[in-house]
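Have the model open in your viewer and turn it as you read. We'll go from the inside spaces out to the strands, helices and loops.

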Amino acid sequence: RIYKSKCHCVVSVTHPRLEVIAILCVNETPSNRCHGCTHVIPLTLGGRSCRLINNKARERKREREKERGCRVESRSHHPIKGREAANMSDNIPLQPVRHKKTHDSKQRSGCCACCCRGRDFKPRTVWLGHPEKREQKYPRNVINNQKYNFFTFLPGVLYNQMKYFFNLYFLLLACSQFVPDLKLGALYTYWAPLGFVLAVTIIREAVEELRCYVRDKEVNSQIYSKLTARGTVVVKSSNIQVGDLIIVDKDQRVPADMIFLRTSDKGGSCFIRTDQLDGETDWKMRLPVGCTQRLPIAADLLQIRSSVYAEEPNLDIHSFVGTFTREDSDPPINESLSIENTLWASTVIASGTAVGVVIYTGKEMRSVMNTSHPKNKMGLFDMEVNCIMKILFVALVVLSLVMVSLQHFRGRWYLHLFRFFLLFSHIVPIR
């Protein structure tokens, strides 16, 4: 894909499968010139001014220039036209370009969104089979879909219920009976109906939280096989770390975001089901890394010195940019990684057995980052009742003022106003 830069007339070219990245100029036509536009404009590959440069070819050319004693001068990104700008791309030291993806707070809500906004995600280098070589601290591979925990359950449920006007209305009426001048009857006549409604709501929320806890525990307790120096060991999904080599069998859920290294399928590829990730029912093909697929057995993955350079965690489940590097070969092997080399969490292996290295866990997985925090829903009937309650409340206030005005506001009229309001409050039924 080719994108025009935000200023002047320079564009960047990236290709997900090839190690191709170049800085190019646009055509000389006035319609293609950049005038400081702040939007990213996709262009088509082609044209006499677009030149595609391979990384390896560029390195060989720079070595030849050094031998000739040529000095590569750094140039600033100023507007240049025509063939001069095309020749300039040969002298610019090029680096892989990856635009940092921002996390849209409008698409996310709840705890997960707060964590993502307060944390700066960075690219990472993951060594195969060596989680102890991690450069930073990664989250645990735990799935948690609960709305509350042990300490926030009761306050959270009561807060969500008191957000509605009709519940807050009856709570204030019940609390008013603790004032001696406003007490009209026994306390249980006000607190018993309100307590019954809140108790039913709390029990319902507790049952839903218990079911969610059981489902999360079942997912976090699933057993997988991990390749280690001592052989294949059994590990729970919650104990998987970044850098582990995990074996996923057919019809088994992928426990974390991984790079596909090997498969037992004779065709050299495998199919996955992504209906739990993106809702699509068709199978998708995934290709392993060619360097690791050619190894005789899976245990040889621990005998080679290799690493995976992965981009920062983001929300996009349809793209990935990374590099696989094997350092113990002569010369070192570098292979570009794309979405076809990934196994995202919550997908299911549909054919063969897959071996992958974990690159993202816990809150950094694509499936978790695209999951919003569960909210307390309010139906149309509840919204209508809430609106009617506000209308009735205004009617009660007006009726109480009329009754006080008939007494010409004598004495402590404000106390009589509250008493009339409490007397007429039985017009509104508790739900």
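Which residues line the largest cavity? In this predicted model, the lining is made up of Thr125, Val126, Trp127, His130, Pro131, Lys133, Arg134, Tyr138, Val242 and Gly243. Sorted by character, that lining has 5 nonpolar, 3 polar and 2 charged residues. The space inside comes to about 50 Å³, and the structure has 2 cavities of 30 Å³ or more.

Now for an open space. The second largest pocket has a volume of about 930 Å³. Helix 3 (110–117), helix 6 (188–220) and helix 9 (366–369) are the elements that each supply two or more residues to its lining. Helix 6 gives the most, with 5 residues. The lining has 29 residues, and Val142, Ile143, Asn144, Asn145 and Val368 are the ones that lie nearest the centre of the pocket. By character, the lining of this pocket splits into 10 nonpolar, 12 polar and 7 charged residues.

Step back for a moment to the whole chain. It carries 11 helices and 17 strands, and 41% of its 431 residues count as buried. How much of the contact in the chain with a separation of 6 or more comes from residues 24 or more positions apart? Such pairs account for 69% of those contacts.

Next, the strands. Look for an open sheet of 6 strands, paired antiparallel in the order 7-6-8-17-9-15. Strand 7 (231–236) and strand 15 (342–343) form its edges; each has a single partner strand, so one side of each has no neighbour in the sheet. Inside that order, strand 9 (residues 257–263) and strand 17 (residues 354–360) run antiparallel and are joined by 6 bridges. To find your place there, pick out Phe260, which stands opposite Gly356 in strand 17. As you look along a strand, keep in mind that in a regular strand the side chains alternate between the two faces of the sheet.

From strand 15, follow the chain into the loop that leads to strand 16 (348–349), where you'll meet Ser346. Is Ser346 buried or exposed? Its relative accessibility is 18%, and the cut-off for buried is under 20%, so Ser346 counts as buried. Setting aside neighbours within four places in sequence, Ser346 is in contact with Arg253, Val254, Gln276 and Ser367.

Another antiparallel pair is worth a look: strand 13 (residues 322–326) and strand 14 (residues 333–337), joined by 5 bridges. Thr325 has Asn334 in strand 14 as its bridge partner. A hairpin of 6 residues connects the two strands, and Pro331 sits in that loop between strand 13 and strand 14. Check the backbone here: the peptide bond from Asp330 to Pro331 is cis, with omega near 0°. For context, most residues other than glycine have a negative phi, and most peptide bonds are trans.

Now on to helix 10 (residues 380–406). At 1.5 Å a residue, its 27 residues should span 39 Å, and the end C-alpha atoms are indeed 39 Å apart, so the two values agree. Which of its residues are buried? They are Val385, Asn386, Met389, Leu396, Ser400 and Val404. When you read a list like that, remember that an α-helix has 3.6 residues a turn, so residues three or four places apart point the same way. The buried residues of helix 10 pack against helix 5 (165–176) and helix 11 (413–424).

Between helix 10 and helix 11 there's a loop that holds His408 and Phe409. His408 isn't a glycine, yet its phi is positive, about 60°. Phe409 isn't a glycine either, and its phi is positive too, about 55°. His408 counts as exposed at 59% relative accessibility, while Phe409, with a relative accessible area of 40%, is partly exposed.

Finish with helix 11. The 12 residues of helix 11 should span 16 Å at 1.5 Å a residue, and its end C-alpha atoms are 16 Å apart, so expectation and model agree. Leu415, Leu417, Phe420, Phe421 and Leu422 are buried in helix 11. Helix 5, helix 6 and helix 10 are among what covers those buried residues. That takes you back to helix 6, which gives 5 residues to the lining of the second largest pocket.

How values were computed. Residues numbered from 1 in each chain as written. Predicted model: local features only at pLDDT ≥ 70, side-chain atom pairs only at ≥ 80, totals over all residues. Heavy atoms only, no water. 1 Å grid on protein atoms, 1.4 Å probe; cavity = no way out; pocket = protein on both sides within 12 Å on 5 of 7 lines; lining within 4 Å. Points joined across faces, edges and corners; volume = space filled by probe spheres on them. Nonpolar A, V, L, I, M, F, W, Y, C, P; charged D, E, K, R; others polar. Helix = DSSP H or I, 4+ residues; strand = E, 2+ residues; numbered from the N terminus. Pairing = 2+ DSSP bridges. Expected span 1.5 Å × (residues − 1). Buried < 20%, exposed > 50% of the residue type's maximum accessible area, 1.4 Å probe, protein only. Contact = heavy atoms within 4.5 Å.
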